[in-house]
Amino acid sequence: MADTKQPRRAPRSQSARTVHAVPVHTDKLPFDIEEVLRRVRHEVRSFADAAMFELAAKGHGSLFEQLIACILSIRTLDEISLPASLRLLERASTPDALARLTPDAIDALIRPVTFHEAKAHQVHAIAVRTRDEFHGQLPADPDVLQSFKGVGPKCAHLALGIACGHEVISVDIHVHRVTNRWGYVKASTPERTLAALEAVLPRPYWVELNRLLVPFGKHVCTGSRPKCSTCPVLSYCRQEGVTSHR
C-alpha cells in the first residue's frame, strides 16, 4: 500500500520566512524573504537612499515634514522632489511657519515637482488645519493623515513609519512592481499589494521594505528591461511579467 502519510508542516518560525503560495518553479529556489531582503540590502548600499529617508537623515524627520515631503514626491522623481522638499522645509518647517506662506510662495519653492500648483494648495491647507485644528501637532493617526486632501495610504504609512516608528507598509510603484515580479504576492494594484503584503511579510521588514525596494526598483529591478542577468535575487525571483531583460 502506498504511503499516504502527509508531510509535516514547517515550524512557525520557518513559515514566516517562506511563502508557500508561490508557484513551484523547477529552476528557482523556494522563496525566502529574509534571504532575499538580505541580498537586496547589500545590493543597494551604494545607491542613494529613498528621498524621505534621506530627508529625515538631513534633520527633517518630524511627522509634519515627512507628510509634506511625501505629497511633493507623488509622481515625481526623488532627484527632483528631495531638493524641492529641502527648499520648502528650510524656509518653513513647522505648521505655523508654512501656514503663514501663501500658496503662491509655496508654489515658487516647489515648482519643479509634478502638479506643483495643486500641491502648493494641498500643503498650505494641511499646514493651516494642523495649526488651527490640532494646535500645531499633527496626530500620529493614519485616519487623520488620510483625511487631508491628497494623502493616501502610501504617504500616511511612510510618514508614520519614518517619523514615528510605526510598523506600517508603504507601497509605491517600486514596491508594487518588485514584490509582484518576485512572485512573493500576486495583486493587480498597489492597494491590493499592500493588503497582500500585510498578510505575509514579517513585521520587522514593514518599514524597511520601502527603503530597500525604491532604490532596488530604480536601479536593478527596473520597470522595463530589468537587470535580471546581474540581479542578486534571480535564483529566487519568479520573473512574473518579465518579457525582456538585460
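**A helical fold seen from its contacts, cores and hollows**

Setting aside neighbours within four places in sequence, T222 is in contact with R177, R181, G217, K227 and R246. The model behind this and everything below is a predicted one. T222 itself sits in the segment that comes after α13 (208-219). Its side chain also reaches the backbone oxygen of S224, at 3.0 Å. With a relative accessible area of 12%, T222 falls under the 20% cut-off and therefore counts as buried.

Stepping back to the whole chain, the protein has 13 helices and zero strands. Read along the sequence, then, the pattern is simply α-α-α-α-α-α-α-α-α-α-α-α-α. Of the 246 residues in the protein, 47% are buried. As for how the chain meets itself, take the contacts with a separation of 6 or more: 63% of them join residues 24 or more positions apart.

Next come the nonpolar cores. In soluble globular proteins, nonpolar side chains tend to be buried together. Here the largest nonpolar core holds 45 residues, and L67, L88, L98 and V151 are the ones that touch the most other members. Two or more residues each come from α3, α4, α5, α6 (95-99), α7 (103-110), α8 (116-133), α9 (142-146) and α10 (153-164). The largest share belongs to α4, which puts in eight residues. L67 gives a feel for the packing: not counting residues up to four places away in sequence, L67 touches I126, L138, L145, F148, V151, C155 and A159. Apart from this core lies another, made of 28 residues, with V40, Y205, F216 and C231 among them.

Two further residues are worth a look, one in a loop and one in a helix. H60 lies in the loop between α3 and α4. The relative accessible area of H60 is 11%, which is under 20%, so this loop residue counts as buried. The H60 side chain makes a polar contact with the side chain of E65, at 2.7 Å. E65 turns up again in the wider list: leaving out neighbours within four places in sequence, H60 is in contact with L55, E65, Q66, L86, L89 and E90.

L197, by comparison, is found in helix α12 (residues 190-200). L197 counts as buried because its relative accessibility is 0%. Beyond its neighbours within four places in sequence, L197 is in contact with I169, V171, V175, T179, Y184, V185 and L209. One of these partners, T179, is 18 residues away in sequence, and the C-alpha atoms of L197 and T179 are 8.7 Å apart in space.

That leaves the empty space. Rolling a probe the size of a water molecule over the atoms shows where such space is left. The largest pocket has a volume of about 700 Å³. It is lined by 28 residues, and those nearest its centre are I74, R75, K154, D172 and I173. At least two lining residues of the largest pocket come from each of α3, α10, α11 (173-182), α12 and α13. α10 supplies the largest share of this lining, with five residues. Sorted by class, the lining of the largest pocket has 15 nonpolar, seven polar and six charged residues.

As for closed spaces, the count comes to two cavities of 30 Å³ or more. The largest cavity encloses about 70 Å³. Its lining is made up of 13 residues, of which C221, P226, C228, C231 and C237 lie nearest the centre. C231 is also among the residues of the 28-residue core. By class, the lining of the largest cavity divides into 10 nonpolar residues, one polar and two charged.

The second largest cavity has a volume of about 30 Å³. A51, M52, L55, A69, S73, S81, L82 and S85 line it. The elements giving two or more residues to this lining are α3 (51-57), α4 (63-73) and α5 (78-91). L55, part of this lining, is also one of the contacts of H60. The lining of the second largest cavity has five nonpolar residues, three polar and no charged.

How values were computed:
Residues are numbered from 1 along each chain as its sequence is written. This is a predicted model: local features need pLDDT of at least 70, side-chain atom pairs count only at pLDDT 80 or more; totals for chains, interfaces and linings use all residues. Side-chain values use heavy atoms; hydrogens and water are left out. On a 1 Å grid over the protein atoms alone, a cavity is a set of points where a 1.4 Å probe fits but cannot get out, and a pocket is an open set with protein on both sides within 12 Å along at least five of seven lines; lining residues have an atom within 4 Å of a point. Grid points are joined across faces, edges and corners, and a volume is the space filled by probe spheres set on the points. Ala, Val, Leu, Ile, Met, Phe, Trp, Tyr, Cys and Pro count as nonpolar, Asp, Glu, Lys and Arg as charged, and the others, Gly among them, as polar. Helices (H or I, at least four residues) and strands (E, at least two) are DSSP runs, numbered from the N terminus. Buried means under 20% relative accessible area, exposed over 50%, partly exposed in between (1.4 Å probe, protein chains only). A polar contact is a pair of N or O atoms within 3.5 Å; within protein, one must be able to donate a hydrogen and the other to accept it, and residues adjacent in sequence count only if both atoms are side-chain atoms. Contact means heavy atoms within 4.5 Å. A nonpolar core is a set of buried Ala, Val, Leu, Ile, Met, Phe, Trp, Tyr and Cys residues joined through side-chain atoms within 4.5 Å.
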